[in-house]
Amino acid sequence: MSETRTELKELGEFGLIDHLTNGINHCQASTVLGIGDDAAAIDANGQLLLLSTDMLCEGVHFNLMYAPLKHLGYKAIVSNLSDIYAMNGTPTQVVVSLALSNRFSVEAVNELYAGMRKACDLYEVDLVGGDTTSSMAGLVINVAVTGLVNEADMVKRSGAKKGDLLVVSGDLGSAYMGLQILEREKEVFKAAPSAQPQFEGFDYMLERQLKPEARKDVIELLAQMEVKPSAMIDISDGLASEALHIAKQSKLSVKIYEDKLPIDPKTVETAQEFNLDATTIALSGGEDYELLFTISQEDYDKIKGNPSLTVIGYMDEEGIENSLITRSGQAIELTAQGWNHLA
Ligand code: ADP
Ligand code: MG
């Protein structure tokens, strides 16, 4: 190591990944796709094996004061499956690694596993292994997932073409508002432990935060409609960040229309109550686990009118500013303010 010291935050999460992985070569002919997408792809005799992993750390990704362990287990699996669907693949197996402190009882870990088992049952994925170790500081959950996809069906982040439409599934921002509600009630509880939490009417936002689903149904829907996206990514960090990944990796720019953003009305109302801007939350909130993808204009008629899918913008040529077109028609630069974990 040299004498100079560079702080992690100077590079940020994506800068650090680029820095650490710059110039990594593959020596295996079976490595079809390496770092840089939602999953890696490995040739497995004609089909591609997809491989991805995600880590959840106590105090960073979840707070046990309000995240029930069962939901946390469920979310840990679902967030990984989402990365396989984002490659247009089918998840098949997971391995689960835990670092546990003696603060946890067997009953508590049982709850965590009940949630994991439930997600595996529902999405028809097999839990085939893992690792268990102790932790001095909080709970760490790492899940790795494998999946399968036919080579011709795989969708990368880099395949978008100029003029392609940008489409998002479901709605945006509710998971972030769910987190705001939980944080508010946590503060109220700290001040007055006898107070009853006010969760009424916020069910959808809380569910989106605590027990998200992966969009297996959207992958099936697209196959039924015979629409193969040209590029795809799942929304873990936030719409803006993910749209910029597609643009950068496809060597294009992106335009998003504010008035097209699908946001649940109750989420808009709650954002106002919290003095937050619903557009900002939809763009940067994160943890929606929706799919963001591009399709050619010829496919528009096939998806038009489907309640699960919204066209929110389009891909333009490289070199033009990535922008958000506001309701008043003004173009403002689109920047990623999502979850950059090191910022
Ligand atoms: P996602 O949000 O889909 O989980 P990330 O933003 O975490 O994706 O990661 C982007 C890409 O960088 C992925 O291909 C991932 O495998 C890779 N990556 C992330 N962290 C590391 C690391 N420490 N070493 C090598 N590759 C990494
Ligand atoms: Mg992803």
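## Close-up views of a predicted model

**View 1. Y289 lies in the loop that runs between helix α9 and strand β10 (291-295).** In this predicted model, Y289 adopts a positive phi of about 50° although the residue is not a glycine. Its relative accessible area is 7%, so Y289 counts as buried, the limit for that class being under 20%.

**View 2. N275 occupies the loop between helices α8 and α9 (278-284).** N275 also has a positive phi, near 60°, in a residue other than glycine. Is N275 buried or exposed? With a relative accessible area of 73%, N275 is exposed, whereas Y289, described in the preceding view, is buried.

**View 3. The magnesium ion (ligand 2) is coordinated by three aspartates, D38, D83 and D234, each through an OD atom.** The coordinating distances run from 2.0 to 2.1 Å, and along the sequence the donor residues follow the spacing D-x44-D-x150-D. Two of these donors, D83 in helix α2 (residues 69-85) and D234 in strand β8 (residues 231-234), form a pair that links distant parts of the chain, being 151 residues apart. D83 is buried, with a relative accessible area of 7%, and D234 is likewise buried, at 2% relative accessibility. Because both values fall under the 20% limit, the two residues belong to the buried class.

**View 4. Ligand 1 is surrounded by F14, I17, T21, I35, G36, D37, D38, D54, D83, R157 and S236.** Which helix provides the largest share of this shell? Helix α1 (residues 8-21) does, with three residues. D38 and D83 appear among the residues around ligand 1 and also among the donors of the magnesium ion (ligand 2). Several polar approaches to oxygen atoms of the ligand can be followed in this view: a backbone N or O atom of G36 lies 2.7 Å from an oxygen atom of ligand 1, a polar backbone atom of D37 is 2.9 Å from an oxygen atom of ligand 1, and an N or O atom in the side chain of R157 is 3.2 Å from an oxygen atom of ligand 1. Of the 560 Å² of accessible area that ligand 1 has on its own, the protein covers 64%.

**View 5. Helix α5 (residues 203-210) has M205, L206, R208, Q209 and L210 as buried residues.** These buried residues of α5 pack against helix α2, helix α4 (174-191) and helix α8 (265-273). Helix α2 is also the element that holds D83, one of the residues coordinating the magnesium ion (ligand 2).

**View 6. L292 is placed in strand β10 and is buried, at 0% relative accessibility.** Leaving aside its neighbours within four places in sequence, L292 is in contact with L166, V167 and V168, with A231, M232, I233 and I235, with L239, E242, A243 and I246, and with I312. The C-alpha atoms of L292 and P229 are separated by 9.5 Å, although the two residues are 63 residues apart along the chain.

**View 7. S135 sits in the loop between strands β5 (126-134) and β6 (140-150).** With a relative accessible area of 14%, S135 is buried, and beyond its neighbours within four places in sequence it is in contact with A99, L100 and S101. Which backbone atoms does the side chain of S135 reach? The backbone nitrogen of A137 is reached at 3.1 Å, while the backbone oxygen of G138 lies 2.4 Å from a polar atom of the S135 side chain. The C-alpha atoms of S135 and D43, 92 residues apart along the chain, are separated by 36 Å.

**View 8. T326 is found in the loop between strands β12 (323-325) and β13 (331-333).** T326 is buried, with a relative accessible area of 15%. When its neighbours within four places in sequence are left aside, T326 is in contact with E258 and with I332.

**View 9. The cysteines shown here belong to a structure that holds zero disulfides.** C57 is in no disulfide, and the nearest cysteine sulfur, that of C120, is 20 Å away. As for accessibility, C57 is partly exposed, with a relative accessible area of 21%, whereas C27 counts as exposed, at 75% relative accessibility.

Conventions:
Residues are numbered from 1 along each chain as its sequence is written. Chains are lettered from A and ligands numbered from 1 in the order in which they are written. This is a predicted model: local features need pLDDT of at least 70, side-chain atom pairs count only at pLDDT 80 or more; totals for chains, interfaces and linings use all residues. Side-chain values use heavy atoms; hydrogens and water are left out. Donors are N, O and S atoms within 2.8 Å of the metal (3.2 Å for Na, K and Ca); water is not among the atoms, so sites may look incomplete. Helices (H or I, at least four residues) and strands (E, at least two) are DSSP runs, numbered from the N terminus. Buried means under 20% relative accessible area, exposed over 50%, partly exposed in between (1.4 Å probe, protein chains only). Contact means heavy atoms within 4.5 Å. A disulfide is a pair of cysteine sulfur atoms within 2.5 Å. A residue is near a molecule or strand if one of its heavy atoms lies within 4 Å of it. A polar contact is a pair of N or O atoms within 3.5 Å; within protein, one must be able to donate a hydrogen and the other to accept it, and residues adjacent in sequence count only if both atoms are side-chain atoms. Accessible areas come from the Shrake-Rupley method with a 1.4 Å probe; for residues, only the protein chains shown count as cover.
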